[in-house]
Structure formats: structure tokens, C-alpha cells
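Visitor: Please choose one part of this model and take me through it closely. I would like to hear how it connects with the rest of the chain.

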Amino acid sequence: MADAMVSGHVAGAGLDTESLTMMLDAVREFVEHALSPQRQLQLDHDDVCPEDTVRAMSDPGQLGVQLLFIPAAYGGMDGGAFDSYRVCEVMARHDIGLATASFATFLGSDPILVGATEDQKQRWLGAIAEQGVVFAYGATEPDAGSDLGALKTVAERIEVDGAITGYRINGRKQWISNGSIADFATILARTPDGPTWFVVPRDTPGFSAGNREDKHGLRLSNTAALYLDNVEVPADHLIGGVEGKGLVQAQQVFGYTRVMVAAFGLGGGWSALDRAIAYSLERQQGGGPLAGKQGYTHKLIVPHAVRLEAARSHIEATADQLDRGLGAGGAMNTEGAIAKLMATEAGNAAADAAIQAHGGYGYTREYVVEKIKRDVRITTIYEGTSEIMEMTIARDRWQQHLKTSGAYYRDRAAAMTTLHRNRVGVGADHAALALQALAAVLEACRVARLTRNQHVLLRLGELICHAECAEAFAQRAADALAGKRHAKSPDRFSGEALAVMSRVFAREAAQKVGQEGVRWVAGSVDAGSPEVAALLAAIPHDAIRTAQAGLLADMDRVAAILYERAA
Ligand SMILES: Cc1cc2nc3c(=O)[nH]c(=O)nc-3n(C[C@H](O)[C@H](O)[C@H](O)COP(=O)(O)OP(=O)(O)OC[C@H]3O[C@@H](n4cnc5c(N)ncnc54)[C@H](O)[C@@H]3O)c2cc1C
């Protein structure tokens, strides 16, 4: 299978569509076979990582999923960001723990991919591709999580006759996926010239793993602390050969890796929601199936489907831009953060709603949604917490607002208005209102200097995320209606269906930005403040209220689409 896909690779744009479809089918088939529902529940119950399955997934003779992440020059398939998103979603639909185990090898090899010398790439990327070796990514420490700059693990130079021959590493890593099973770990340690990545083989004297963590969920993924006690590695295990590049190397791939974790949120959320949809077709209450009860579908199903698809729209736009090379220099970090924030929060909320949608059965292990909820919960924490995403998003877009004297979102709103003129009914008019309201809120924050309040800054991050997802969704729906859907995008929903869902989401986004924006501005200044008065005047409240017309009818339509019945 892997060979066929290597030959099917298209340089610069990832796999061709046929090869991606083959890979998605192979992943589905492999996981379904390796992980029966009974085995999955038992492993979750016993808190055991199926190391045999993790290794088989990376074995090029079996699934070889990691080949997707490796450049062809080192024996891989040169998959792109869009390919990775699709594969990550499919894996996560089955089990986010197993997906995490594969992802950890990718993450562990990232510093090598972006920073290693040619010899190092041949050696370690080659080993991942050809032998399927398993990696762990050792960044987090007990006192350095979101703030990696606080790391305490130290690498001292070992010098012989004035030449550096190696490094002696001492410290501790915390919460490391694949920690007890990995063949190699990439370890971030402080050298005299700053944080630096090292490759540490598992059997190096002084290197050991703690007991597996007893976690809330994600129990099929091994997570453990790593201890480094006078661990000595040769100088050529320093990635890239130059000290002090570690944090830059870590940041270079954030756009890419956040899209992957966003896809985990999407996979987990949809897996739970699809179970709730199936359940509600069968479950009879109040004289008919729950699927026919508007108070049930419009609270527990429809809004979650809509938010997940809004997140997918942003994931796809970001992945596409990464594949076109627009992510150079970390430029897609903010977009990756928006995709991750929306998809993982939506996935988590959807899984929670799926428990509710199953009633008492949802609270039992047998119906699996409670496991999905426990598993998907991690996605709002690892690879950058939701709060760190909000901060990343807000800081970047705040700078854009200042640099353009407020034109940044006004221009984006105008572009949505143009889209609406060309393609009525895809939610672009509502998305324009959300962006227009956002520009007004940001301006009020500038005038009253409100981003000195960290809470205001982070709330802006959340509002920006909603407005930009509304924009991406309207564009995706318009593209689908124009026959320009991305060739690798799933076709579960027609262009018309995406348009209805986009309208529902964009109304919500406009309402949220308008209302919550006023709340945080008004809540940060004195009563009767001129800033609040100016903001109230600048926000298109009447238009946002008018835009809500037709919401319920559109929600009825979304329910009909999801339940495949006539509207
Ligand atoms: C199951 C699992 C697997 C993991 N796998 C890996 C792995 O393979 N490799 C690896 O290196 N790490 C891994 N991690 C670590 C993970 O990335 C961190 O847990 C995460 O980045 C958060 O760091 P922390 O736990 O230290 O929390 P903290 O950084 O202490 O954060 C605690 C809370 O404070 C908030 N917060 C933090 N800083 C700020 C701030 N400046 N302002 C406002 N709020 C703030 C956070 O959002 C969070 O809500 C894993 C963690 C888990 C649980």
C-alpha cells in the first residue's frame, strides 16, 4: 500500500486525491480490525496502551501511517497538511488515544524535520520511515508547561581538548505521550546558548520513564514522566548542530501541528454526535423518536454539528494555505490556533451534548460517548491550551488592528459583503456583521486601552475565532456551490447543506461578537463612559437582530439534513 502511495505523491501539494482516499480506507480498515469495540472498552477500562497496535500502525509492512509525515527524500510519502488533517480526523473518530500515539512520533520528529542537519535527517527520519521506530516529544516539565521558556532541564557540554564531544543532560519531563514505549525521545534542554533539542535513544544510561499516568481519559495512549539523570549523548545528537535554536524550531511547526490536534477535536466530536443521531432515531419518548423532537435536536445536535463544520471550514482553509507554502516563517500559527480553538472546544461540547442526548445510557461505558468525552477533553489542553490559543490569536490580530488603523476587519467585512452580493444565502452577510462588530469592539478597546486587562484580551481571542470561522464557513459554502470544493474535502454535505449550516453559525457569531463585545467593553470602563456610547453606536445591533430572522427555519433544515429526511 505504502509503495503505491509513494509513487502517487504530488510534490509540494501532498498526496494526490486517489492516494489519500486509499490511505484513509487503509487507516479505517486497520483500526477497525485491530481495535474491536470490546477490546477498545477493555483497554480503556484497564488503562492499557496497546503497544502492539501502535507499533503495527507505524510498521511500513503493515499500516505505515507515519510515512505520511515524512518527506519522500527520507523514505516517506511527503503528505501535506490537508492529508494530515484528514488522516488525523479518521484516526480520532476511532480512538483519540491511538491517534495521539501516532501523532507523538510526528511531533517527536518535528524538530528533526525543521532543524536537523542532512545527516541527522537521513538517520532518524529514515529510521522512522523504514523501521517504524516510535518517538516521544519531550518539551513539557513539571514547572514548564504553557511557558516553555521556564524549562529547567540542563545540557552541559562535555569537552575534550577544547572540542565539544557530547552533552550531559539532567532534568525531568512531564506528561510525555509514548513516554514509556518510545524508542527515541526528542528532549528540549537548556544549553549555555539557550534551549536546544537533543535526540535521546531509549537505552541511554540514566534515561528512564516513570509509571504511566492514571488519566481522566486518553487511556489507550501511554503518558509518562521522563527522567534524565546524567544522560550523556554524543555532540551529533544535538539537532541542527547549533545550540539555542530549540524554541524557534518548536514554534516553526505550530500551524501544522495545531491543525492536526484540531482534527482530533473534529473526529472526536463527530464520532460522538453521529452516535447521538443514530440513537435518537431509535429511542422513542413522548410518543415518537427523539429525532423528531425539536427541543432535543435544536439543543443537543444541530448547534454542535454546525460548530464542528465551522471549525472544519477553518481547518481546511488553514491546511490549504499551509500546503500552498503560505505558512513559511510561522505565518500560519494564528490560523492554526483559531482552527484548534474552535475545533477542540466544539468537539468537547459536542461529546458532552452526546452524553445528554443518550440520557442515562450516555452515562454508562457501553454507549461509548462518555469515553469519547473523556478522550476529546485533552484536545483543549495539549499542544497549547485554549487560553494560550486565545492569547496567540488576540495578540496577533490586535497588532493587525493597530497597524491598519482599524481597517483589518473592516476590509474583511467588506470582502464578505461582496461575497454575499455574488452568492446570496451562504451566510456571508451575517459573517460580515460579525467582522464589522469585531472591528468596532477592537477600536473601543484601543481607545479605552482595555487590552491591559488580560481577560479582555483573551475574550477578544474567542470573539475573533468565531468571526473568522464564520468567514471561512461562508467561503467554503460558496466554493462548494460554485463547484470549487477542495478536492480532498469530505462530501458528506452538499453545497446547499453547507450554506444552511453556515447561515446558522454566522448568525450565532454576529450575535456573540455584538453582545459579548459590548459586555467586556462596558464591564471594563466606568458607568456612562463615552467609549461604551461610541461602541454601542458603531456595532450594527439592528442588522444583527434582523439577521436572526429565519434562524429557526434554518435549524429545522439542518436537522432534516442530519437525519436525511425531507425539510
Ligand atoms: C495526556 C497528555 C499528553 C501530553 N503529551 C505531551 C507530549 O507528548 N509532549 C509534551 O511535551 N507535552 C505533553 N503534554 C503536556 C501539555 O502540552 C501541557 O499539559 C499543556 O501545554 C499545559 O501545560 P501545563 O499542564 O503545565 O499547564 P499550565 O501551563 O500550568 O496551565 C494551567 C492553566 O493555566 C492557564 N494558563 C497558563 N499560562 C497562562 C497565562 N500566561 N495566562 C493565562 N492563563 C494561563 C492554562 O490555559 C491552563 O488552563 C501532555 C499532557 C497531557 C495531559
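Visitor: How close do the axes of helix α11 and helix α16 come, and at roughly what angle do they cross?

Guide: Happy to start there. A quick word on the ground rules: the model is predicted, with local features needing pLDDT of at least 70 and side-chain atom pairs counting only at pLDDT 80 or more, while totals for chains, interfaces and linings use all residues. Residues are numbered from 1 along each chain as its sequence is written, and side-chain values use heavy atoms, leaving out hydrogens and water.

Now to your helices. The axes of α11 (residues 333-357) and α16 come within 10 Å, crossing at roughly 90 degrees. Here the axes are lines fitted to C-alpha atoms, for helices over the stretch in contact, with angles from 0 to 180 degrees between N-to-C directions. Helices are DSSP runs of H or I with at least four residues and strands are runs of E with at least two, numbered from the N terminus. The crossing makes α11 roughly perpendicular to α16 (65 to 115 degrees; under 35 is roughly parallel, over 145 roughly antiparallel, and the rest oblique). From α11, the contact (heavy atoms within 4.5 Å) is made by I338, L341 and M342, and from α16 by G461, E462, C465, H466, E468 and C469. Sorted by class, this meeting place holds 5 nonpolar, 2 polar and 2 charged residues. In that sorting, Ala, Val, Leu, Ile, Met, Phe, Trp, Tyr, Cys and Pro are nonpolar, Asp, Glu, Lys and Arg are charged, and the others, Gly among them, are polar.

Stay with E462 for a moment, since E462 is part of this contact. E462 also forms a salt bridge with K512, their closest N and O atoms being 3.0 Å apart. K512 lies in helix α17 (residues 495-522) and E462 in helix α16 (residues 454-481), so this pair ties together parts 50 residues apart in sequence. A salt bridge here is a side-chain nitrogen of Lys or Arg within 4 Å of a carboxyl oxygen of Asp or Glu. Both K512 and E462 are buried (under 20% relative accessible area; over 50% is exposed and anything in between partly exposed, with a 1.4 Å probe and protein chains only).

Helix α17 leads us onward. D554 forms a salt bridge with R507, again with the closest N and O atoms 3.0 Å apart. D554 sits in helix α20 (residues 551-562) and R507 in helix α17, a link between distant parts of the chain, 47 residues apart. D554 and R507 are both buried. Shared partners also join E335, D396, R397, R412, E468 and E471 into one salt-bridge network, and E468 is another residue you met in the α11 and α16 contact.

For a contrasting setting, look at E156 and R168, a salt bridge whose closest N and O atoms are 3.8 Å apart. E156 lies in strand β4 (residues 154-160) and R168 in strand β5 (residues 163-177), so the pair ties together parts 12 residues apart in sequence. E156 is partly exposed at 39% relative accessibility, and R168 is partly exposed at 23%. Across the model, the count comes to 41 salt bridges.

Back on the helix contact, C465 and C469 both take part. The sulfur of C469 has its closest cysteine sulfur in C465, 4.4 Å away, which is too far for a bond. C469 is buried, with a relative accessible area of 0%. A search of the whole structure finds 0 disulfides, a disulfide being a pair of cysteine sulfur atoms within 2.5 Å.

Finally, follow the start of α11, whose residues run 333-357. N333 and G336 are among the residues in contact with G255, as are L322 and M332, leaving aside neighbours within four places in sequence. G255 belongs to helix α9 (residues 254-282) and is buried, with a relative accessible area of 3%. The C-alpha atoms of G255 and T334 are separated by 7.2 Å, although the two residues are 79 apart along the chain.
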